[in-house]
Amino acid sequence: MSTNDDSNTLTQAVHDLASALWFGGNLMGVAGVNKSGSDLIVGKDRIAVAASAWHRFSPVQWGSIATVLVTGTLLTKSSSQRLALQEGYARTGAVKVGFVLAGAAATAYASYCGHEIARAAEAAERRGEPVSVKDATTPTQNTPHDLAAWQRRQRVAQVLVPLLAGGNIACNAALVQSYRAGATAKGVLGRLHLR
């Protein structure tokens, strides 16, 4: 995706757009999708409507994560000299990778929790227990214990995803800013211990 003049504009743009999609889509899900079921009367429906929306978003979500990983790898490869010469660049890049991997793990765990919530709701219904929930990830005092536990786990995981995706974006901004002449000179001098 880069050219002979070392321009990575397209790769950087695709990386930034995928990062924004991952961050924004998950933030909207936490703030909007999970709460949207609260307008429904039946508790199981409150869970089902959010689960359906998350299921439909899942391919886009995983596609954005994969795109962030691929384009991030390409950008890192094109910055090999900067990694070696500029103090702090590799450290920020490593933190960025950590955010992406932790965010992907939190995404996977949130999805797993969603499956367990659906399973627990169906099991409660089979036992004749009411599936009383405030919304997709918020139990009430009458929510069956196992269902409530999975809802709380999913809520934590889903809140972590945009925080970690946001950390990825913040690290990316720092890496891009390190290309400025002053930052480059400071990083190289720092590597040479001449500051």
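This is a short tour of one predicted protein model, stop by stop. Residues are numbered from 1 along each chain as its sequence is written. Local features need pLDDT of at least 70 and side-chain atom pairs count only at pLDDT 80 or more, while totals for chains, interfaces and linings use all residues; side-chain values use heavy atoms, leaving out hydrogens and water.

**Whole chain.** Select the protein chain and show it as a cartoon: there are six helices and two strands (DSSP runs, H or I of at least four residues for helices and E of at least two for strands, numbered from the N terminus). Along the sequence they follow the pattern α-α-α-α-β-β-α-α. Of the 195 residues, 39% are buried, meaning under 20% relative accessible area with a 1.4 Å probe, protein chains only.

**Helix α1.** Next, select residues 9-36, helix α1. Its 28 residues should span 40 Å (1.5 Å times one less than the number of residues), and the end C-alpha atoms are 38 Å apart, which agrees. Now pick Gly29, where α1 bends by about 40°; that is the angle between axes fitted to the seven residues ending there and the seven starting there.

**Under cover.** Stay on α1 and colour its buried residues, including Trp22, Gly29 and Val33. What covers the buried residues of α1 includes α2 (43-78), α4 (89-126), β1 (133-135) and α5 (145-177).

**Two cysteines.** Finally, select Cys113, which counts as buried because its relative accessibility is 0%. Cys171, at 10%, counts as buried too. How many disulfides are there? The count is zero, taking a disulfide as a pair of cysteine sulfur atoms within 2.5 Å.

How values were computed: Buried means under 20% relative accessible area, exposed over 50%, partly exposed in between (1.4 Å probe, protein chains only). Contact means heavy atoms within 4.5 Å.
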